[in-house]
Amino acid sequence: MNVRIVLHLGITGYQIEWEGKWIRVFRHDVECTNGIIHVIDGVFLKDSDVRVTGDASLASFAPHLIIFLIAKWLL
């Protein structure tokens, strides 16, 4: 897999171009117990990278939906 990532420093901070999308870097070089992370506003994941198995029911999906709606409301 050939991936090209471009880093851009603008007025609002760092941005990363990946797969034709610009992803904002909220915080860079955050020290953690197991290394350093960068907090970004996007996902480096393609639809083809996701594999779903099993049967989904409303009971198993409801907690995830509630968390998603709360997160959207807070942002």
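Is Asp-29 buried, partly exposed or exposed? Asp-29 counts as partly exposed because its relative accessibility is 47%, where buried means under 20% relative accessible area, exposed over 50%, and partly exposed in between (1.4 Å probe, protein chains only).

The model is predicted: local features need pLDDT of at least 70, side-chain atom pairs count only at pLDDT 80 or more, and totals for chains, interfaces and linings use all residues. Residues are numbered from 1 along each chain as its sequence is written, and side-chain values use heavy atoms, with hydrogens and water left out.

**Confidence and fold**

The chain averages a pLDDT of 77, and 81% of the residues score at least 70; pLDDT is the predictor's confidence in each residue, from 0 to 100. Where pLDDT is low, the predicted coordinates should not be read in detail. Among the elements of the chain, strand 1 (residues 5-10) has the lowest mean pLDDT, 69, and strand 4 the highest, 88.

The chain has 1 helix and 4 strands, arranged along the sequence as β-β-β-β-α. Helices (H or I, at least four residues) and strands (E, at least two) are DSSP runs, numbered from the N terminus. Of the 75 residues of the chain, 8% count as buried.

UniProt, in an unreviewed entry, places the feature "domain: FAS1" at residues 16-45; such annotations may be inferred rather than shown by experiment. This span is 0% helix and 70% strand, and its end C-alpha atoms lie 14 Å apart.

**The aromatic pair**

The structure holds 1 aromatic pair. Trp-18 and Phe-44 form this edge-to-face pair, at 5.3 Å centre to centre and 65° between the planes. Rings of Phe, Tyr and Trp (its six-membered ring) pair if their centres lie within 6.5 Å; planes under 30 degrees apart count as stacked, over 60 as edge-to-face and the rest as tilted. The pair links distant parts of the chain, 26 residues apart: Trp-18 is in strand 2 (residues 13-18), and Phe-44 is in the loop between strand 4 (35-40) and helix 1 (58-74). Trp-18 counts as buried because its relative accessibility is 6%, whereas Phe-44, at 37%, counts as partly exposed.

**Positive phi values**

Most residues other than glycine have a negative phi. Two residues with positive phi are listed below.

| Residue | Phi | Location | Relative accessible area |
|---|---|---|---|
| Glu-19 | near 55° | loop between strand 2 and strand 3 (21-32) | 46%, partly exposed |
| Asp-29 | about 55° | strand 3 | 47%, partly exposed |
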